[in-house]
Amino acid sequence: MNAPWKSTAPVVSSSRISEADLVRDNLDQLSERDVEFATSLLRAYDSERGASEKQAHWLGVMAERVAQKLAKREPEPMVTGHLFERIVEMFDSASLKLKYPKVRGHFRAHGEELPLKLSRAGGGARYPGSINVSDGGPFGENVWYGRIHSDGTFEPNRRINIEEMRALVTYLTKFNTDPESHAKAHGQEYGECCFCARELTDHRSLDAGYGPVCAERYGLAWGE
Ligand SMILES: [Zn+2]
């Protein structure tokens with residue numbers, strides 16, 4: 001007599017079908033040994049005969065392991081791999097002279113010009129030396145986009161719409177790569193220094209888009 005697990009009739013129920021797919025789609029979540037075992041189970045499952053009761057049971061065990069692994073996995077950050085080290089350097093440099101260095105800017109999203117303000121968190125903050133990115137509105141009413149940590153990594157606010165966040169990250173990337181151009185564009189468009197918000201009067205400052213004092217504080221080239 002056949003052992004019960006050698007039954008030739010496919011015993012795979014519909015719940016086993018979703019388990020098989022779960023395992024198939026997430027083999028990389030299993031250990032090397034389990035991958036081998038799960039692959040052989042899937043082969044049996046896909047065969048004309050189908051999985052035996054015992055194989056189906058083990059497929060269920062594998063699915064359980066995959067599910068546990070997936071549940072423990074860190075949620076994937078929405079915007080990853082961005083390093084804004086130059087921005088951190090600029091703020092670190094400015095903080096030697098200023099208590100709360102700030103940079104103003106604008107970026108475009110949804111066909112709109114959105115205001116932006118970068119401000120360095122002081123010593124008493126939760127992340128001292130990190131840079132908060134917001135719309136510059138009053139505390140409690142502002143839009144907080146995220147923070148640049150002191151190592152340059154960016155922690156986005158996950159509640160921000162993805163399109164807006166992408167536009168913001170593009171903007172920050174440009175600013176990080178070429179802060180002089182950012183400051184120049186802002187100064188010439190708004191007639192104010194993006195760092196201290198003072199009106200630009202002197203023609204050399206208007207040309208540069210920012211003044212010599214801010215240039216020195218933030219470590220930027222000026223008046224070459
Ligand atoms: Zn200035």
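A crossing of two helices is called left-handed if the near helix is turned anticlockwise from the far one by less than a right angle, and right-handed if it is turned clockwise. That definition will be needed at the second stop of this tour, which moves through a predicted model.

**The whole chain**

Begin with the entire protein chain selected and coloured by secondary structure, so that its eight helices and five strands can be told apart. Followed along the sequence, the elements come in the pattern α-α-α-α-β-β-β-β-β-α-α-α-α. If you colour by burial instead, buried residues account for 25% of the 224 residues in the chain. A contact map adds that, among contacts between residues at least 6 apart in sequence, 47% join residues at least 24 apart.

**Helix 2 and its partner, helix 3**

Select residues 32-46, which form helix 2, together with residues 53-72, which form helix 3; the two pack at an angle of about 135°, and their axes are 10 Å apart. Helix 2 and helix 3 are therefore oblique to each other, since angles over 145 degrees would be needed for the roughly antiparallel class. With the opening definition in mind, which hand does the crossing of helix 2 and helix 3 have? The crossing is left-handed.

To see where the two helices meet, show side chains for Asp34, Ala38, Leu41, Ala44 and Tyr45 in helix 2, and for Gln55, Trp58, Leu59, Met62 and Arg65 in helix 3, since these are the residues that come into contact.

Now hide helix 3 and keep helix 2 alone. Its 15 residues, at 1.5 Å a residue, should span 21 Å, and the end C-alpha atoms are indeed 21 Å apart, so expectation and model agree. Which residues of helix 2 are buried? They are Ala38, Leu41 and Tyr45, and they cover an arc of only 60° around the axis, which puts them on the same side of helix 2. An α-helix has 3.6 residues a turn, so residues three or four places apart point the same way. Rotate the view to the face turned away from this buried side, and you find the exposed residues Glu32, Arg33, Glu36, Ser40, Arg43 and Asp46.

One further residue of helix 2 deserves a separate selection, namely Val35. Val35 has 15 other C-beta atoms within 10 Å and is therefore partly exposed, because that class lies between the limits of 12 or fewer for exposed and 20 or more for buried. Beyond its neighbours within four places in sequence, Val35 is in contact with Leu27 and Leu30. A C-alpha to C-alpha distance drawn from Val35 to Arg24 reads 9.6 Å, the two being 11 residues apart in sequence.

**Strand 1 and the loop after it**

Move next to strand 1, residues 102-109, and pick Val103 within it. Is Val103 buried or exposed? Val103 is buried, because 27 other C-beta atoms lie within 10 Å. Leaving aside neighbours within four places in sequence, the contacts of Val103 are with Leu118, Cys194 and Phe195. Although Val103 and Cys194 are 91 residues apart in sequence, their C-alpha atoms are 5.6 Å apart in space.

Continue to His110, in the loop between strand 1 and strand 2. His110 is not a glycine, yet its phi is positive, near 50°. With 9 other C-beta atoms within 10 Å, His110 is exposed.

**Helix 6 and the loop beyond**

Select residues 179-190, the 12 residues of helix 6, which at 1.5 Å a residue should span 16 Å; the end C-alpha atoms are 16 Å apart, which agrees. Here the buried residues are Pro179, His182, Ala183, His186 and Gly187. They cover an arc of only 125° around the axis, which puts them on the same side of helix 6, while Ser181 and Glu189 are exposed on the other side. What covers the buried residues? The cover includes helix 4 (85-94), strand 1 and helix 5 (162-177).

Just after helix 6, select Gly191, whose phi is positive at about 70°. The last stop is Ala197, in the loop between helix 6 and helix 7 (203-208). Ala197 also has a positive phi, of about 65°, although it is not a glycine. Ala197 is exposed, with 11 other C-beta atoms within 10 Å.

Key. Residues are numbered from 1 along each chain as its sequence is written. This is a predicted model: local features need pLDDT of at least 70, side-chain atom pairs count only at pLDDT 80 or more; totals for chains, interfaces and linings use all residues. Helices (H or I, at least four residues) and strands (E, at least two) are DSSP runs, numbered from the N terminus. The expected span of a helix is 1.5 Å times one less than its number of residues. The arc is that of the directions from the helix axis to the C-beta atoms. Two residues are in contact if their C-beta atoms, placed from the backbone, lie within 7 Å. Axes are lines fitted to C-alpha atoms, for helices over the stretch in contact, and angles run from 0 to 180 degrees between N-to-C directions. Angles under 35 degrees count as roughly parallel, over 145 as roughly antiparallel, 65 to 115 as roughly perpendicular and the rest as oblique.
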